[in-house]
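Biologist: I am new to this structure and would like to learn how to read its features one at a time. Could you take me through them slowly?

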Amino acid sequence: MRAFSIMYHDVVEGAAYESSGFPGEGANIYKLRREDFARQLEAIRTAVPAGAVSLIAQRREIAGPPPVFLTFDDGGASFHTPIAAMLEQSGWRGHFFITTNRIGTPGFLDEAQLRDLDRRGHVIGSHSHSHPTRMAALTPDRMADEWRESLARLAEILGHPVKVASVPGGYYSRAVARTAAAAGIEVLFNSEPTAAATVTGGCLVLGRYVVKRGMGPQWAAGFAAGRLGPRWKQSAVWKAKRVAKAVGGDAYLKVRQAILDR
């Protein structure tokens with residue numbers, strides 16, 4: 001079972017990086033200008049067969065050739081405008097993962113926008129309740145609370161259960177997946193750059209290839225088409241970072257922030 005999943009965050013006008021999503025350079029490096037995102041979508045459209053860009057709502061929906069899933073993390077206001085309309089122009093829909101304690105706060109989606117995206121056919125999922133910096137370092141009880149609170153809030157807003165989620169901050173572990181499954185999540189996206197799918201506790205776990213500011217459209221096209229070059233390059237970097245995160249813990253985060261603040 002394989003899928004090519006791409007992780008985006010926000011899309012902004014000009015250099016207005018603080019207009020959507022979390023503030024700070026640590027978040028801004030994942031935000032794209034509108035014109036750059038448009039080039040990414042065009043590159044994906046020309047790189048994959050018609051119908052390859054798809055949605056997943058539950059485990060049994062992956063079958064046949066590897067589908068392409070476009071995912072968006074954090075819950076920024078740009079999900080509603082301009083991202084949703086830009087996807088819809090190609091007949092596509094996105095997977096929008098929401099940090100629920102930010103709903104209705106500056107730079108983030110409000111309840112009416114979430115309901116509108118849901119009505120338009122986009123998948124709304126959980127990105128935890130409070131976006132912990134290191135989700136995998138939480139106790140199992142706290143992980144469970146993050147998922148349960150988030151799912152309950154989204155179900156209250158949308159009027160139906162939510163069964164799809166993504167892991168905040170790139171800190172994934174099997175315990176994160178087990179607590180997600182116990183909370184009712186059927187599909188969990190993490191940040192590992194892989195096309196392979198696994199199952200933990202009955203939950204389907206899918207990796208993703210991340211797009212950052214400054215990455216040209218050839219990266220998105222390569223990820224969507226399953227080209228080995230872009231995928232291997234990102235996988236090598238990710239594995240090195242995984243070791244640094246495991247060894248460094250909080251120190252890794254402090255060093256990363258100091259570099260970004262320069």
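**Loops, helices and cores**

Modeller: Let us start in a loop: His131 has its place in the loop between S6 and H5, and please keep in mind throughout that this is a predicted model. Phi of His131 is near 55°, which is a positive value in a residue other than glycine.

Biologist: Why is a positive phi worth pointing out in a residue other than glycine?

Modeller: The general idea is that most residues other than glycine have a negative phi, and that most peptide bonds are trans, so a departure from either pattern can be picked out as an exception. In this model Ser128 also has a positive phi, of about 80°, although Ser128 is not a glycine. Ser128 lies in the loop between strand S6 (123-126) and H5.

Biologist: Is Ser128 buried or exposed?

Modeller: Ser128 has a relative accessible area of 0%, and because buried means under 20%, Ser128 counts as buried.

Biologist: Which peptide bond is cis, and where is its proline found?

Modeller: The bond that runs from Thr81 to Pro82 is cis, with omega near 15°. Pro82 is found in the loop between strand S4 (68-72) and helix H3 (83-88).

Biologist: What is found at the ends of helices H6 and H7?

Modeller: Just after H6 comes Gly184, which takes a positive phi of about 110°, while H7 is followed by Gly226, whose phi is positive and near 75°.

Biologist: How should I read the packing of one helix against another, beginning with H5 and H6?

Modeller: One reads the angle and the distance between the axes, and then the residues that meet. Helix H5 (residues 140-158) packs against helix H6 (residues 174-183) at an angle of about 45°, and their axes are 9 Å apart; H5 and H6 are therefore oblique to each other. Their crossing is right-handed. On the H5 side the residues are Pro140, Met143, Ala144, Trp147, Arg148 and Leu151, and these meet Ala175, Val176, Thr179, Ala180 and Ala183 in H6. Sorted by character, the residues of this contact between H5 and H6 comprise nine nonpolar, one polar and one charged.

Biologist: Why do the contact positions on a helix recur at intervals of three or four places?

Modeller: An α-helix has 3.6 residues a turn, so residues three or four places apart point the same way. In H5, for example, Met143, Trp147 and Leu151 are among the residues that meet H6. The buried residues of H6 are Val176, Ala177, Thr179, Ala180 and Ala181, and they pack against H5 as well as strand S8 (187-189), strand S9 (197-200) and strand S10 (203-206).

Biologist: At what angle do H4 and H5 cross?

Modeller: The axes of helix H4 (residues 111-119) and H5 cross at roughly 75° and come within 9 Å, which makes H4 roughly perpendicular to H5. Glu111, Leu114, Arg115 and Asp118 of H4 make this contact with Arg153, Leu154, Ile157 and Leu158 of H5. Here the contact residues of H4 and H5 divide into four nonpolar, no polar and four charged.

Biologist: How far apart are Glu42 and Ala221 in sequence and in space?

Modeller: They are 179 residues apart in sequence, yet their C-alpha atoms are 8.7 Å apart in space. Glu42 is found in helix H2 (residues 34-47), and because its relative accessibility is 37%, Glu42 counts as partly exposed. Ala221, for its part, is one of the buried residues of H7, together with Ala220, Gly222, Phe223 and Ala224. The axes of H2 and helix H7 (residues 217-225) come within 8 Å and cross at roughly 35°, and the crossing of H2 past H7 is right-handed. Arg39, Gln40, Ala43, Ile44 and Ala47 of H2 make the contact with Pro217, Ala220, Ala221, Ala224 and Ala225 of H7.

Biologist: Which residues touch the most other members of the largest nonpolar core?

Modeller: That core holds 53 residues, and those touching the most other members are Tyr8, Phe37, Ile44, Leu70 and Leu188. H5 supplies the largest share of this core, six residues. A second, separate core has 11 residues, including Ala3, Val187, Phe189 and Leu204.

Biologist: What is in contact with Tyr8, leaving aside its neighbours within four places in sequence?

Modeller: Tyr8 is then in contact with residues including Leu32, Phe37, Gln40, Ile44, Leu70, Phe72, Val211 and Ala220.

Technical notes
Residues numbered from 1 in each chain as written. Predicted model: local features only at pLDDT ≥ 70, side-chain atom pairs only at ≥ 80, totals over all residues. Heavy atoms only, no water. Axes fitted to C-alpha atoms, helices over the stretch in contact; angles between N-to-C directions. Helix = DSSP H or I, 4+ residues; strand = E, 2+ residues; numbered from the N terminus. Parallel < 35°, antiparallel > 145°, perpendicular 65-115°, else oblique. Left-handed = near helix turned anticlockwise from the far one by under 90°. Contact = heavy atoms within 4.5 Å. Nonpolar A, V, L, I, M, F, W, Y, C, P; charged D, E, K, R; others polar. Buried < 20%, exposed > 50% of the residue type's maximum accessible area, 1.4 Å probe, protein only. Core = buried A, V, L, I, M, F, W, Y, C linked by side-chain atoms within 4.5 Å.
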